[in-house]
Amino acid sequence: MKPEGINRRYVLRAALAAPVILGGPARAAGTIQMISHRYPALEHYAEVMRGAVPGVTVNTQLMPIDKAMELATIALSSKSDTPDIVYASDTTFQTFVRNGWFRPVDDLWAKYKDEFKLDDFPDSVLAPFRHDGQLYVMPHTLNTMMFFYRKDLFDQQGKAPPTTIAEYRDLAKSFNSPMRAGTISCLKPVDAATNEAHWYLNALGDGWFDNDWRPSFNTAKSVAAIEMLKEVTKYAQQGFTAAANDECTIALQQDTATMGLQWATRAKSMDDPNKSRILGKIDWVKPPQGHGRMGGDGYAISAFSKQDPDVLFRIIATSAGQKSLRDAASLMIPPRKSVLDDPDLVKANRFYPAALASYESGTRAPSLPEFNAIGEFVTRRILQGVTGEMTVKQAMDTAASETETFLKGHGYYK
Amino acid sequence: MLFPLGYALWLSLLNYDLGSGSQEFIGLGNYRELLNDARLWATLLRTVGIVLSAVGLEFCLGLLIAYGLYRLTFGVRALNLLLFLPNIVTPVVAALFLRWIFIGRWGLVSGLLIGWGIFPPDFLGDPAWARVTVVLADAWQFTPFMILVLYAGLNTVDQSQIEAAQIDGAGVWMLLFRIMLPAIRPLIVFVLAIRLMDAFRFFDTIYVLTGGGPGTATETITLYTYALAFRLLQVGKACALGVLTLLFVAVLVATMIRIVYRREKGAF
């Protein structure tokens with residue numbers, strides 16, 4: 001008998017059977033896809049989103065910020081209809097909005113203003129999420145970098161928290177030992193290194209850019225600021241060049257570092273008995289000389305989503321509702337006035353006074369849609385300066401030249 | 001296969017920038033810009049260094065272990081299976097646990113060294129050590145492939161040649177270098193070519209271990225391509241770099257094969 005091979009009839013049968021075997025559309029109807037950065041407060045919001053609208057399944061994917069932004073970029077640049085809800089920070093959302101990847105939410109905001117008490121968000125909190133007058137993001141957290149320090153160790157040695165970066169360097173040196181680093185330093189490109197450089201550049205240098213978006217991070221003052229950063233890293237924990245917020249938080253929690261700059265959203269975890277070995281030993285003050293990075297984040301709706309925008313808005317608004325924010329108040333600085341001003345919450349969260357002081361003395365990242373892209377090469381050059389692969393001056397000049405070329409290609413400096 | 005390649009070629013001729021939204025045709029502009037880009041040349045040089053170190057180490061180790069297995073009279077199958085395990089682990093998963101082995105302070109290696117009273121170097125944070133670590137990581141994962149292919153090759157060498165050499169008094173090493181290696185030269189070129197092509201695409205392990213850092217210390221050409229596409233959002237330029245990488249690897253492998261082919265007609 002002739003063995004049966006692959007013939008036209010076989011191929012046709014297989015083609016007809018494929019949709020049945022593969023199960024038709026890839027997405028189950030009603031399943032909403034959400035991509036987000038991950039830290040404790042955002043984990044809480046993801047949980048609220050999953051149960052926000054009865055009968056609607058929300059699939060939440062949480063990951064470190066660089067990965068989340070890359071994934072969202074890949075999906076939205078190809079006009080994919082997933083994800084539906086996307087994490088956005090005050091710096092990342094601008095690129096997305098300019099490319100038309102986010103949907104403005106002003107109409108939905110007006111429609112649901114009373115139901116979700118949206119007047120509770122102060123204008124100053126909404127302003128960073130507007131582009132050309134339109135609102136794109138519902139804020140979920142206000143965040144600021146605070147100075148974390150080991151109060152028990154400082155008290156033992158009769159030392160006070162630093163008020164200048166030079167004092168901070170000297171304290172880091174005095175506390176540094178093989179088993180416990182003098183300070184944390186988080187220089188993993190891009191996000192973490194940008195945050196740390198932001199503090200030095202704004203507190204000691206001339207900041208990132210001048211008024212014409214020309215780099216000012218390579219002026220003499222700014223180079224000296226990065227030299228100071230380099231000096232401080234002599235007393236930093238091992239692996240600081242590859243450390244992001246997670247690694248730095250762990251270094252403090254596991255008693256392998258004494259102090260350093262970290263986000264307010266990480267403060268509560270210092271007192272978490274499941275994660276920390278230093279319960280009650282950390283205290284917080286505003287960053288020496290101020291100018292720690294401040295910002296905020298929230299969630300936006302994809303312009304390509306095929307889901308009902310009302311449902312998506314309800315999910316986002318529920319997770320940023322008064323109850324949800326009150327439940328998460330220990331994990332961040334709440335963006336709603338009613339929650340932020342609640343005296344009970346201020347009393348219950350001992351990091352609040354330092355967080356508010358840090359917020360008041362903080363500096364936002366430049367409102368430049370290209371800021372994150374620029375951060376890619378600037379932070380790598382800073383690291384080359386810090387690790388001695390080139391001098392700091394060479395590193396900052398190279399980064400400035402690359403930045404100018406990049407921005408010129410994007411229509412700046414006409 | 002031709003469609004993605006053709007599409008990448010087309011994109012490489014555009015100023016396709018997701019950040020600015022532009023998609024204008026600029027001919028060879030991306031290639032010109034890249035060839036004048038100091039970071040590209042530094043990355044290429046670094047990639048060649050990492051690839052040659054990794055493949056060289058894998059070949060030497062692979063050959064030694066394969067020859068050891070060849071001479072072993074028992075347990076070869078079991079050992080072969082065990083040795084091959086690292087090669088079947090997904091690279092990202094392998095890199096993740098290698099990261100926990102090499103990570104500073106609380107990593108396995110650092111922990112052991114501290115336990116013995118030695119303060120360890122910063123394996124992933126120091127530029128020189130980071131390069132060594134990524135080479136070791138690649139060697140750990142791909143030496144088994146070398147072992148498998150070389151061991152199979154050694155077993156194909158004509159037994160009468162080996163016996164004749166032994167009668168003439170050839171020792172263990174002379175047998176390996178004078179009889180067996182020349183006999184499997186085409187296979188060696190094949191396995192080196194495959195590994196070189198593969199190693200030039202070295203991405204996942206470095207991405208997880210060091211992210212190309214510190215600075216650009218372990219940034220290979222594929223990581224730079226990734227940064228161009230997904231961080232700087234310059235898709236056209238990233239495609240141009242992909243095409244340049246393809247050409248570079250093709251020329252490298254073709255040269256290698258040509259040299260051997262000239263010396264020994266019929267190698268391929």
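In the predicted model, the centres of domain 1 and domain 2 of chain A lie 26 Å apart, taken over C-alpha atoms. Each domain is built from two stretches of the chain. Domain 1 of chain A comprises 31-143 and 295-364. Domain 2 of chain A comprises 145-293 and 367-409. Where they touch, domain 1 of chain A contributes 26 residues and domain 2 of chain A contributes 23 residues.

Five elements of chain A each supply at least two residues to the side of domain 1 of chain A that touches domain 2 of chain A. Four are the helices α2 (40-50), α3 (65-77), α4 (92-98) and α16 (352-361), and the other is the strand β7 (137-150). Helix α16(A) gives the most, with five residues. By class, this side of domain 1 of chain A holds 12 nonpolar, 12 polar and two charged residues.

Chain A also carries backbone features in its loops. A cis peptide bond links T82(A) to P83(A), with omega at about 5°. P83(A) sits in the loop between α3 and β3 (85-89) of chain A. A cis bond also runs from P189(A) to V190(A), where omega is near 5°. Here the proline is the residue before the bond, and V190(A) follows it. V190(A) is placed in the loop between α8 (165-175) and α9 (191-203) of chain A.

Two residues of chain A that are not glycines have a positive phi. For W213(A), phi is about 60°. W213(A) lies in the loop between α9 and α10 (220-232) of chain A. How buried or exposed is W213(A)? W213(A) has 17 other C-beta atoms within 10 Å, so W213(A) is partly exposed. Burial would need 20 or more such atoms, and exposure 12 or fewer.

For D255(A), phi is about 65°. D255(A) occupies the loop between α11 (245-253) and β8 (259-263) of chain A. D255(A) counts as partly exposed because 15 C-beta neighbours fall inside 10 Å.

In chain B, a helix pair was examined. Helix α3 (residues 38-71) of chain B and helix α10 (residues 185-200) of chain B have axes that come within 10 Å. These axes cross at roughly 140°. That angle makes α3(B) oblique to α10(B), because only angles over 145 degrees count as roughly antiparallel and those from 65 to 115 as roughly perpendicular. The crossing of α3(B) past α10(B) is right-handed.

Which residues of α3(B) and α10(B) meet? From α3(B) come T47(B), V51(B), A54(B), V55(B), E58(B) and F59(B). From α10(B) come L192(B), R195(B), L196(B), A199(B) and F200(B). The contact of α3(B) with α10(B) divides into eight nonpolar residues, one polar and two charged. T47(B) is the polar residue, while E58(B) and R195(B) are the charged ones.

The two chains also touch each other. Chain B puts 25 residues into the contact, and chain A puts in 28 residues. On the side of chain B that touches chain A, the largest share comes from helix α12 (residues 221-231) of chain B. That share is three residues. By class, the side of chain B that touches chain A has 12 nonpolar, 10 polar and three charged residues.

Note on methods: Residues are numbered from 1 along each chain as its sequence is written. Chains are lettered from A and ligands numbered from 1 in the order in which they are written. This is a predicted model: local features need pLDDT of at least 70, side-chain atom pairs count only at pLDDT 80 or more; totals for chains, interfaces and linings use all residues. Domain bounds come from an automatic or database domain assignment. Two residues are in contact if their C-beta atoms, placed from the backbone, lie within 7 Å. Axes are lines fitted to C-alpha atoms, for helices over the stretch in contact, and angles run from 0 to 180 degrees between N-to-C directions. Angles under 35 degrees count as roughly parallel, over 145 as roughly antiparallel, 65 to 115 as roughly perpendicular and the rest as oblique. A crossing is left-handed if the near helix is turned anticlockwise from the far one by less than a right angle, and right-handed if clockwise.
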